[in-house]
Amino acid sequence: MAPDQPQPSSSMKLAVLTSGGDSAGMNAVVRAVVKAGILKGCEAWIVREGYEGLVRGNLEAEAPFAPEPLPEITMKLHDPSFIQNLRFGDGELLRDGTGDHPGGRSLKGRYIVRVGWDDVRGWFAEGGTLIGTARSAAFRTPEGRLTAAHNLIIEGIDALVVCGGDGSLTGADIFRSEWPKLVQQLRADGKITDEQVTRYGHLRIVGLVGSIDNDMSMTDMTIGASTALHRICEAIDNINSTASSHSRAFVLEVMGRHCGWLALQASISAGADFIFIPERPPKVNPWEDELCEAIKRHRAIGKRKTIVIVAEGAQDSDLKPIHAEYVKDVLAERLGLDTRVTTLGHTQRGGRPCAYDRILPTLQGVDAVNALLESTPETPSYMIGIRENKIIRVPLMEAVEMTRAVSAAISEKDFEKAMSFRDPEFSDSLQGFHIVSELETEKKLPLEQRMRIGIMHIGAPAGGMNAATRTAVRYCVRQGHTPLGISNGFRGLLDDNLHELSWLGVDSWMARGGSELGTNRTQPDIDLGTVAAKFQEYNLQALFMIGGFEAFTSLLILENGRKYYPAFHIPMVHLPATISNNVPMTEFSLGSDTSLNALVDACDAIKQSASASRNRVFVVETQGGRCGYLATVGALAVGANIVYTPEHGISLDTLRDDVKFLKRRYMLDVKGKSEGRIVIRYDHLTCVLRLCLINACNEQKRGRIVGIYHRCHHQILKEEGGSLFDSRQASLGHTLQGGVPSPMDRARAVRLSLKCMAFIEKHHNLMLQQPTKSRSADRESAAVITIQASSVQLVPVDEVVAHADMKNRRGKRTWWEGMKELVEALVARPQLI
Ligand code: ADP
């Protein structure tokens with residue numbers, strides 16, 4: 001914070017509300033704002049039912065309520081004031097949605113409610129919004145906003161976090177700009193004192209975007225959009241099998257009145273055949289011909305199912321709405337297809353938030369509190385967004401205006417302008433969808449530019465490997481290249497296990513987990529000479545490797561091998577795919593999102609079981625090798641109490657503090673109510689822990705310690721937990737590879753795979769310019785495709801080495817380094833030890 005800015009008062013009261021259409025992740029926003037606010041010394045409040053709750057206030061509250069008695073504290077805490085904010089007892093009423101409690105506590109007539117740390121416990125995993133949302137007509141009127149201002153001042157609220165769509169954020173901006181006038185009016189009406197005028201002269205307000213449509217400009221992603229995409233893809237994956245069984249066509253209507261993001265991403269991730277979105281109406285008029293031609297081509301080669309996705313707001317170039325029912329009629333009447341319509345409706349809003357919709361709102365909620373504390377009368381109201389994997393603040397009104405401009409451009413039929421307001425990834429995705437979904441029979445490239453491209457999976461399976469292969473194959477077919485699938489990596493190549501892949505043959509690969517080609521860890525130096533001979537024998541003119549750290553080292557070996565073997569003088573590219581996310585220089589490898597979701601699913605179930613019987617700490621072991629991505633980001637996504645990462649390791653001191661923290665945490669719980677807590681650890685922790693124990697003891701004690709170290713980590717916790725808590729462990733192992741790849745991994749696979757193909761073509765063309773006999777590939781032509789701050793970069797493999805910790809098989813620097821501290825902050829570890 002700049003020194004000249006006003007220091008926030010430690011007694012600042014901070015409230016959060018959710019407004020407009022609900023979305024998954026709103027509860028995580030409330031949880032993060034409440035926790036971050038308390039950590040910053042503020043009082044945390046929630047407003048029920050959105051702006052309607054602000055207008056209603058607490059004036060009609062039935063009876064004053066007594067805060068729940070605090071636990072008796074005999075221990076000396078690092079931060080004793082923390083206890084004052086532990087709980088006020090309304091968390092359960094909000095969670096159960098009853099509003100009433102048999103013990104007499106009631107939320108009736110109370111809309112602005114103080115909450116504590118434990119009141120938002122467990123909110124992470126719940127869909128929708130537990131504090132309620134509403135569309136408030138009253139708040140749209142000046143009188144309603146005057147009453148809302150009065151209620152806020154009566155309750156002494158200094159700052160407000162609003163989570164909602166563009167309507168809610170517009171409301172927030174209007175409220176803030178009118179605020180000084182409202183305060184003056186209240187004073188003139190004698191409803192507030194001069195003191196209150198001075199104290200509440202400036203309303204601190206900040207917006208978070210909760211919207212399933214991902215329709216807000218100036219942010220890459222809105223809260224709830226990824227979960228909605230999960231719901232849609234689950235539905236389409238299910239429909240796929242029945243469609244194929246009956247050789248049917250399905251027309252699916254998905255949400256998105258002004259924004260086709262959901263429809264587009266769903267179409268890519270689910271491998272749909274045709275799409276209708278508001279921003280880009282079909283180019284051919286009448287579009288019915290274009291649709292039928294495309295579907296006819298697919299059917300002609302033997303495709304048994306047809307999936308067409310229609311966004312709610314889809315329209316033709318004359319702005320005439322395109323309805324799913326009509327599309328169905330076209331397919332049935334013109335092509336004679338047995339066609340059904342499925343409208344997903346509100347199922348898209350519901351359900352447990354996916355991993356991303358827990359992490360994003362947590363990071364944004366924490367920043368929202370910081371933004372409020374730093375706010376001055378001169379600073380604009382901010383919207384918290386995300387750009388290039390970084391949390392950002394943008395002026396709220398600018399973002400809302402730009403969002404509105406998209407709708408305006410569409411209604412003026414200026415579709416190019418509408419597309420230009422979307423981020424570049426949107427048009428990339430649309431182009432990608434056309435490439436992978438359309439069957440082009442006219443080959444694009446002249447004969448000499450066509451290649452035989454080897455495609456190989458290396459290392460352990462990861463979600464998205466098959467989607468990337470499907471994309472590459474379809475691109476190859478379109479361009480006239482020959483895609484050669486090499487089964488079981490370099491081992492398979494040596495065994496002549498390769499075959500040409502076809503457009504239809506890979507059709508159902510999008511949603512498949514594992515590796516359809518078969519994968520293997522064998523490196524090419526098992527027999528580099530023979531590998532080169534096989535390259536020659538099969539006339540491979542390019543190599544596309546999809547895999548983890550082993551794929552990177554394989555590429556390095558092949559690049560170094562160019563000194564001796566001309567067969568390696570071809571473009572070669574590695575697309576990182578590993579649940580460990582340990583390939584250097586890339587922020588996300590394929591599979592990293594799928595595994596995070598698998599971890600979240602497992603931990604939700606474990607936590608439920610842990611709370612059901614008694615106080616229990618579950619030690620959950622993740623995979624990840626010596627890379628802490630899965631453990632660290634997973635811990636944030638599941639709200640773990642402790643996380644052990646390979647980067648930080650473990651010492652006896654930390655173990656002692658961890659035990660102390662857990663004991664204190666259980667002492668502070670409501671008596672008689674069971675709580676489950678999660679500890680996340682990486683898979684090699686036990687060995688490190690044993691070593692610590694042995695090193696820590698002298699000769700005499702060694703025998704006894706050896707006895708202890710044979711016990712597992714969770715047994716140590718169990719023994720230390722005594723009567724306070726029990727401990728069990730669960731090793732998630734290979735389940736973390738996830739059954740079905742997440743939509744994010746599938747969409748990423750398409751985007752990256754197409755870039756890899758373009759890279760291969762570019763370098764092949766460069767080589768074609770050299771004399772045939774002495775063609776040599778330069779270093780740039782052996783590259784790893786990386787995501788760095790959302791931009792995609794192909795980095796020569798020898799450059800990637802400089803960023804690699806080869807011994808520990810991970811990158812030297814990672815973007816999740818600081819997250820362990822945040823995980824600990826959000827369970828108040830520093831306050832309790
Ligand atoms: P969303 O936030 O999902 O876009 P709405 O557009 O329905 O949903 O807005 C939610 C609420 O925000 C409205 O019910 C209203 O109370 C408030 N709101 C929206 N627009 C305005 C406005 N122009 N002025 C004041 N309040 C508004």
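**Exercise 1. A salt bridge between Arg 470 and Asp 507**

The side chains of Arg 470 and Asp 507 form a salt bridge with an N to O distance of 3.3 Å, where a salt bridge is a side-chain nitrogen of Lys or Arg within 4 Å of a carboxyl oxygen of Asp or Glu. Locate Arg 470 and Asp 507 in the chain, and decide whether Arg 470 is buried or exposed.

*Solution.* The model is a predicted one, in which local features need pLDDT of at least 70 and side-chain atom pairs count only at pLDDT 80 or more, while totals for chains, interfaces and linings use all residues. Residues are numbered from 1 along each chain as its sequence is written, and side-chain values use heavy atoms, with hydrogens and water left out.

Begin with the elements, taken as DSSP runs numbered from the N terminus (helices are H or I of at least four residues, strands are E of at least two). Arg 470 belongs to helix α15 (residues 465-479), whereas Asp 507 sits in the loop between β14 (498-500) and β15 (519-520), so the salt bridge ties together parts that are 37 residues apart in sequence.

Next, take the accessibility, for which buried means under 20% relative accessible area, exposed over 50%, and partly exposed in between (1.4 Å probe, protein chains only). Arg 470 has 2% relative accessibility and counts as buried, and Asp 507, at 8%, counts as buried too.

**Exercise 2. Further salt bridges**

Find how many salt bridges the whole structure holds, and describe the pairs Asp 428 with Lys 755 and Arg 677 with Asp 669.

*Solution.* Side chains of opposite charge can pair when their charged atoms come close. A search of the whole structure gives 54 salt bridges.

In the pair of Asp 428 and Lys 755, the N to O distance is 3.1 Å. This pair links distant parts of the chain, with Asp 428 in helix α14 (residues 424-437) and Lys 755 in helix α25 (residues 743-768), 327 residues apart. Asp 428 is partly exposed at a relative accessible area of 28%, and Lys 755 is partly exposed at 30%.

For Arg 677 and Asp 669, the N to O distance is 2.8 Å. Arg 677 is buried at 2% relative accessibility, and Asp 669 is buried at 4%. Elsewhere, shared partners join Asp 273, Lys 303, Lys 305, Arg 470, Arg 474 and Asp 507 into one network of salt bridges.

**Exercise 3. The surroundings of the ligand**

State how many residues surround the ligand, which element gives the largest share of the shell, and which atoms of Arg 135, Ser 136 and Gly 21 lie by its oxygen atoms.

*Solution.* With a residue counted as near when one of its heavy atoms lies within 4 Å of the molecule, 16 residues surround the ligand, and the closest are Arg 135, Ser 136, Gly 165, Gly 167 and Ser 168. Helix α5 (residues 166-188) supplies the largest share of this shell, six residues. By class, the shell divides into three nonpolar, nine polar and four charged residues; here Ala, Val, Leu, Ile, Met, Phe, Trp, Tyr, Cys and Pro count as nonpolar, Asp, Glu, Lys and Arg as charged, and the others, Gly among them, as polar.

Now consider individual atoms. A polar side-chain atom of Arg 135 lies 2.7 Å from an oxygen atom of the ligand, a polar backbone atom of Ser 136 is 2.7 Å from a ligand oxygen, and a backbone N or O atom of Gly 21 is 3.3 Å from one. Taken alone the ligand exposes 550 Å², of which the protein buries 83%.

**Exercise 4. Cysteines and backbone geometry**

Determine how many disulfides the structure holds, and then place Pro 286, Glu 49 and Ala 828.

*Solution.* Taking a disulfide as a pair of cysteine sulfur atoms within 2.5 Å, the structure holds zero disulfides. For Cys 476, the nearest cysteine sulfur, that of Cys 756, is 11 Å away, and Cys 476 is buried at a relative accessible area of 0%. For Cys 627, the nearest cysteine sulfur is that of Cys 603, 18 Å away, and Cys 627 is buried at 3%.

Turning to the backbone, the peptide bond from Asn 285 to Pro 286 is cis, with omega near 0°, and Pro 286 lies in the loop between β7 (274-276) and α9 (287-300). Glu 49, a residue other than glycine, has a positive phi near 60°; Glu 49 is in the loop between β2 (43-47) and α2 (50-56) and is partly exposed at 26% relative accessibility. Ala 828 also is not a glycine and has a positive phi of about 60°; Ala 828 is in the loop between α27 (819-825) and α28 (829-832) and is buried at 0%.

Terms used:
A polar contact is a pair of N or O atoms within 3.5 Å; within protein, one must be able to donate a hydrogen and the other to accept it, and residues adjacent in sequence count only if both atoms are side-chain atoms. Accessible areas come from the Shrake-Rupley method with a 1.4 Å probe; for residues, only the protein chains shown count as cover.
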